[in-house]
Amino acid sequence: MLLDVVQVDHKCSYPFNPSSIVTILLFKKKGLQYISADGEERCAWHFAKEIKATINESNFISDSYKQELLKEIKQAQQKRSTI
């Protein structure tokens, strides 16, 4: 007997749109919380990936601040993996 493969389309519900550097800066604490604990693991990983891309592409903030933000995101991801 063959089993039918069912593919479930699961959508993530981010706390805010990660494609705007201004939004990232305004809601940084909420985003870090989503990455470290609140979001489903797969969604939190994708959210962090999108935020990192937005930060790296931004001309709005200095390189040193970019590195600080990326460090905070990495720490949030590591915190999640230790929970």
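## Exercises on a four-helix chain

The protein chain has four helices and zero strands, where helices (H or I, at least four residues) and strands (E, at least two) are DSSP runs numbered from the N terminus. The model is predicted, so local features need pLDDT of at least 70 and side-chain atom pairs count only at pLDDT 80 or more, while totals for chains, interfaces and linings use all residues. Residues are numbered from 1 along each chain as its sequence is written, and side-chain values use heavy atoms, leaving out hydrogens and water.

**Exercise 1.** Find which helix supplies the largest share of the largest nonpolar core.

*Solution.* Start with the term: a nonpolar core is a set of buried Ala, Val, Leu, Ile, Met, Phe, Trp, Tyr and Cys residues joined through side-chain atoms within 4.5 Å. Buried means under 20% relative accessible area (1.4 Å probe, protein chains only). The largest core has 17 residues, and Ile 35, Phe 47, Ile 51, Ile 55 and Ile 73 touch the most other members. At least two core residues come from each of α1 (21–26), α2 (28–38), α3 (41–57) and α4 (63–82). The largest share, six residues, belongs to α3.

**Exercise 2.** Classify the angle between α2 and α3.

*Solution.* Axes are lines fitted to C-alpha atoms, for helices over the stretch in contact (heavy atoms within 4.5 Å), and angles run from 0 to 180 degrees between N-to-C directions. The axes of α2 and α3 come within 8 Å and cross at roughly 140°. Therefore α2 is oblique to α3, since angles under 35 degrees count as roughly parallel, over 145 as roughly antiparallel, 65 to 115 as roughly perpendicular and the rest as oblique.

Definitions and conventions. Buried means under 20% relative accessible area, exposed over 50%, partly exposed in between (1.4 Å probe, protein chains only).
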